Number of protein chains: 2
Amino acid sequence: MADMQTLGELEQLILLAILRLGPEAFGLSIARELELQAGRRLSRGALYTTLDRLELKGLVRWKLETGGPERAGLPKRLYTVSARGVSALRASQRVLDRMWRGLDDIFGERSS
Amino acid sequence: MADMQTLGELEQLILLAILRLGPEAFGLSIARELELQAGRRLSRGALYTTLDRLELKGLVRWKLETGGPERAGLPKRLYTVSARGVSALRASQRVLDRMWRGLDDIFGERSS
DNA sequence: CAAATCGAGTCTACAACGTAGACTATGGCG
DNA sequence: CGCCATAGTCTACGTTGTAGACTCGATTTG
């Protein structure tokens, strides 16, 4: 795992949204979570291309959910973050955290 | 300041590096700080084009320092982060913070 | 049942951001 | 002067972020 390429800003947010949603993470719910929590509105394109690229890098996976009782047979992709995805996310967090350290008092917002 | 466009991942780091360095922030010292704190190595190109773009967006400014005693007359650009730069940075932090909230326990690293 | 609608995902194209490395210019030094 | 070092410029390209029109099956509705 020598040099893990860095995550883009949106990539981070999408990974985080998936983690937040747990087993209910599919395309549009991810977009909703992002808008709700981060005030960030995405188009379909923005969402799915990023998801595809994360998949390509092995940071997320998905399996089809074949519809339950309601939504008879209408499948959707349930996304999960892979172990490598979690690591990449933590690496990004670690770097930012380190760079903020000492500045929090002056410019920061970390309320808790 | 309705919708402040989001900062790229490197843009955030460079802004933070400048804040950390205070009055000693010029091109190469920024690169050094980034490597030191974040383990992120940048080429000249990566550094200055990003700096130029931040300037264009009004997030950083610089003034020439005309050499002191040593370095007689050799000028360098001393960078500072503008008020808008600080806001943009805080906005990014706020979003990430919010997205991480609740996940810290499971996946987080925030040691303190 | 055809038409309108909705939810989920695909595809194409382009703008913005991240990156490298060769190049210029000026000063110090043997 | 020739050479090394520092600070910054320029060109070019790969990666990430973005929009919106399109497909396709299901549900609603007149």
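What follows is a working chat about a predicted model of two protein chains with DNA strand D.

Me: Before we start, what needs to be known about the model and its numbering?
Reply: This is a predicted model, in which local features need pLDDT of at least 70 and side-chain atom pairs count only at pLDDT 80 or more, while totals for chains, interfaces and linings use all residues. Residues are numbered from 1 along each chain as its sequence is written, chains are lettered from A and ligands numbered from 1 in the order in which they are written, and side-chain values use heavy atoms, with hydrogens and water left out.

Me: OK, how many residues surround DNA strand D, and which are the closest?
Reply: There are 26 residues around the strand, the closest being Glu9(A), Arg53(A), Arg44(B), Tyr48(B) and Arg77(B), where near means that a heavy atom of the residue lies within 4 Å.

Me: Which element gives the largest share of that surface?
Reply: H3(A) does, with five residues; helices here are DSSP runs of H or I with at least four residues, strands are E runs of at least two, and both are numbered from the N terminus.

Me: And which polar contacts reach the phosphates?
Reply: A polar backbone atom of Glu9(A) is 2.8 Å from a phosphate oxygen of DNA strand D, and a backbone N or O atom of Arg77(B) lies 2.3 Å from a phosphate oxygen of that strand. A polar contact is a pair of N or O atoms within 3.5 Å; within protein, one must be able to donate a hydrogen and the other to accept it, and residues adjacent in sequence count only if both atoms are side-chain atoms.

Me: What about a base oxygen?
Reply: A polar side-chain atom of Thr49(A) lies 3.3 Å from a base oxygen of DNA strand D.

Me: Changing topic, how does chain B lie on chain A?
Reply: A turn of 180° and a shift of 0.0 Å along the axis lay chain B on chain A with an RMSD of 0.0 Å, the superposition being by least squares on C-alpha atoms of residues with pLDDT of at least 70 in both copies. The two copies are therefore related as by a two-fold rotation axis. In chain B, the C-alpha nearest the axis belongs to Glu9(B), 2.7 Å from it.

Me: Last one: is Glu33(B) buried or exposed, and what is it in contact with?
Reply: Glu33(B), which lies in helix H2 of chain B, counts as buried because its relative accessibility is 11%; buried means under 20% relative accessible area, exposed over 50% and partly exposed in between, with a 1.4 Å probe and protein chains only. Leaving aside neighbours within four places in sequence, Glu33(B) is in contact (heavy atoms within 4.5 Å) with Ala17(B), Arg20(B), Leu21(B) and Ala38(B).
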